Each structure stands twice: as structure tokens, then as C-alpha cells.
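Me: I should like a close look at a single part of this structure, namely the region around one residue of the nonpolar core. Please set out what surrounds that residue, and then work outward from there.

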Amino acid sequence: ITDENGNYNLRLPYQPPNQNYRLVPTLDQHEIDPASTVLTIGEGSVVNNGLDFTDISSFRVSGTVMYENISCFAEGAFILVDGELAVRDGEAVRVQPDGTYEVDVPIGDHFISIRRDGHTYSTGRFPATGKHTFTAPLTGIDFTDNTLFRVVGKIVGGVTERDKFILNNETINNIGVANLELTSTNGCLVIPIQTDPITGEYDMM
């Protein structure tokens, strides 16, 4: 058994002139490199040093990415490990259309983050500060997209009102209050909108 520093010391019997042993390191479901090595004990090689192994395990981390304050998934963002783009099978790891992601994180101290151009995240890093020591798979590492975009427009009658600059109180609502709906492409979010009774404009975040 290795000690707290990863060192091991074995005393093995042998029959002259020499005897071979195969060393196979194991630790739960960890992946060790090399998987095994052959040790020869005999005359002239009673003591063997430098038979080292490296734990190259990685652990599956998964979670969900959603928009803040609504029940809509936020797809398409990239997942990063230690600030570097995570890759699996030659492809960048991205959030799926159902808002889920899976990424393999090497054993040891690391952090996971999320990135998409033009987007901000109220929860976009795990852990929030520093690093987490990964020694087993993790689920439920969720992120929150708090991006907001401003949507403005107007519904009025005639070319004259149409061509006036918006949001400077020049436009005159000459057709009354209009109702419209802003619907996300996946149908998750539907926002009813009414135009201003005076200007015919609408302005929302």
C-alpha cells in the first residue's frame, strides 16, 4: 500500500538466480500508467528503484445550464477546465440543446467554467473561487446564464410615423395599443408585449 506521499516499499522473496514479478497498481476505478510493469529480482538486482506509476484518471462531471429566473435551458456554451477549452473525441465540449453537459476532468485540483461570446453568468465557475480536488465523478454542477438583451420597436401606421427615430418621443401612436408576443425559438419562453399608447413603441429587457 502506498503512503500519503505515494511511495511504496516491497520485500519480495526470490529463488536464485532470479525471479520475475509483475507489479499491477490498483485504486478503485482509477487509471494508472503504466497499467503494470515487470520486476526482476536476483543476483545483481536485489534492490530495485524507480519503478514509478502515475495516476492519469479523469472523472465525469455533469450538470445543467439554465437562464436566470426562468425555466429555460441555455444551450451552446463551451465548457472549460482550468480556463482551457475542454475537448472530447476531437470536439469542443458544449452545452447540449437540453441544457446538459458532461466533461472529463483529470484527477487533482482544477476548476470548471463556462463561456459563450456575448453572454454573462451569475453562476459560471466551479468552485466559485480557487480549485476543487477531483477524486470521483460529480453531478449537479449547474451554471446560470443571466444574459439580458434589449428589444425595442414600434407598431404604428403610415410611412411618416414609421420613419421617425425610436425612443425619443417623436413617434405618435395613430393606431392604438397593439399586442404582440416575443417567443423563444424553442418555445420555452413567451412574453406578452403591449405598445405604448402614446408613442406606439415597446421597450423591454
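Reply: The residue chosen is Val61, and the model in which it is examined is a predicted one. Leaving aside residues up to four places away in sequence, Val61 is in contact with Tyr101, Glu102, Val103, Val105, Ile112, Phe134, Leu138 and Ile141.

Several of these names recur in the core itself. The largest nonpolar core has 19 residues, and those touching the most other members are Val61, Val65, Ile79, Tyr101, Val103, Ile112 and Ile114. Two or more residues of this core come from each of β5 (58–67), β6 (78–81), β10 (100–106) and β12 (112–115). As a general point, nonpolar side chains tend to be buried together in soluble globular proteins.

The neighbour of Val61 in sequence, Ser62, also belongs to strand β5. Ser62 has a relative accessible area of 16% and therefore counts as buried, the cut-off for that class being under 20%. Beyond four places in sequence, the contacts of Ser62 are Tyr101, Glu102, Leu138, Thr139, Gly140 and Ile141.

The pairing of strands is the next matter. β5 and β10 are antiparallel partners, joined over 7 bridges. Within this pairing, Thr64 has Thr100 of β10 as its bridge partner. In general, strands of a sheet pair through backbone hydrogen bonds, either parallel or antiparallel.

β10 has two faces. Tyr101, Val103 and Val105 are buried and point to one face, while Thr100, Glu102, Asp104 and Pro106 point to the other and are not buried. Tyr101, Val103 and Val105 are also among the residues that Val61 touches.

The other face of β10 carries the acidic partners of two salt bridges. Glu102 forms one with Arg60, with 3.1 Å between the closest N and O atoms. Because Glu102 lies in strand β10 and Arg60 in strand β5, this pair ties together parts that are 42 residues apart in sequence. Both residues are partly exposed: Glu102 has a relative accessible area of 39%, and Arg60 has a relative accessibility of 36%.

The second salt bridge joins the side chains of Arg88 and Asp104, at 3.7 Å from N to O. Arg88 is in strand β8 (residues 87–88) and Asp104 in strand β10, so the pair ties together parts that are 16 residues apart in sequence. Arg88, with a relative accessible area of 28%, is partly exposed, and Asp104, at 32% relative accessibility, is likewise partly exposed. Arg60, Arg88, Glu102 and Asp104 are linked in a network of salt bridges. The model has 6 salt bridges by the rule applied here. Another of them is formed by the side chains of Arg162 and Asp163, at 2.9 Å from N to O; Arg162 and Asp163 are both exposed.

The core also leads to a further sheet. β6 and β12, which each give two or more residues to the core, take part in an open sheet of 4 strands in the order β7-β6-β12-β14, with antiparallel pairing. β7 (84–85) and β14 (125–126) are the edge strands, each with a single partner strand, so one side of each is left without a neighbour in the sheet. The antiparallel pairing of β6 with β7 extends over 2 bridges, and Val81 stands opposite Glu84 of β7.

Two further sites complete the account. On the surface, Val152, Ile166 and Leu167 make a nonpolar patch of about 200 Å². Ile166 is located in the loop between α1 (159–162) and β18 (179–183), and its relative accessibility of 32% makes it partly exposed.

Thr195, by contrast, is a buried loop residue. Thr195 lies between β19 (190–194) and β20 (201–204) in a loop, and at 3% relative accessibility it counts as buried. Its contacts beyond four places in sequence are Ile155, Asn173, Gly176, Val177, Ala178, Leu180, Gly200, Glu201 and Tyr202. The C-alpha atoms of Thr195 and Val24 are 73 Å apart in space, and the two residues are 171 residues apart in sequence.

Methods:
Residues numbered from 1 in each chain as written. Predicted model: local features only at pLDDT ≥ 70, side-chain atom pairs only at ≥ 80, totals over all residues. Heavy atoms only, no water. Core = buried A, V, L, I, M, F, W, Y, C linked by side-chain atoms within 4.5 Å. Buried < 20%, exposed > 50% of the residue type's maximum accessible area, 1.4 Å probe, protein only. Contact = heavy atoms within 4.5 Å. Pairing = 2+ DSSP bridges. Patch = residues over 30% accessible without salt bridge, like charges linked within 9 Å, V, L, I, M, F, W, Y side chains within 5 Å. Areas by Shrake-Rupley, 256 points an atom, 1.4 Å probe, with all protein chains shown as cover. Salt bridge = Lys/Arg side-chain N within 4 Å of Asp/Glu carboxyl O.
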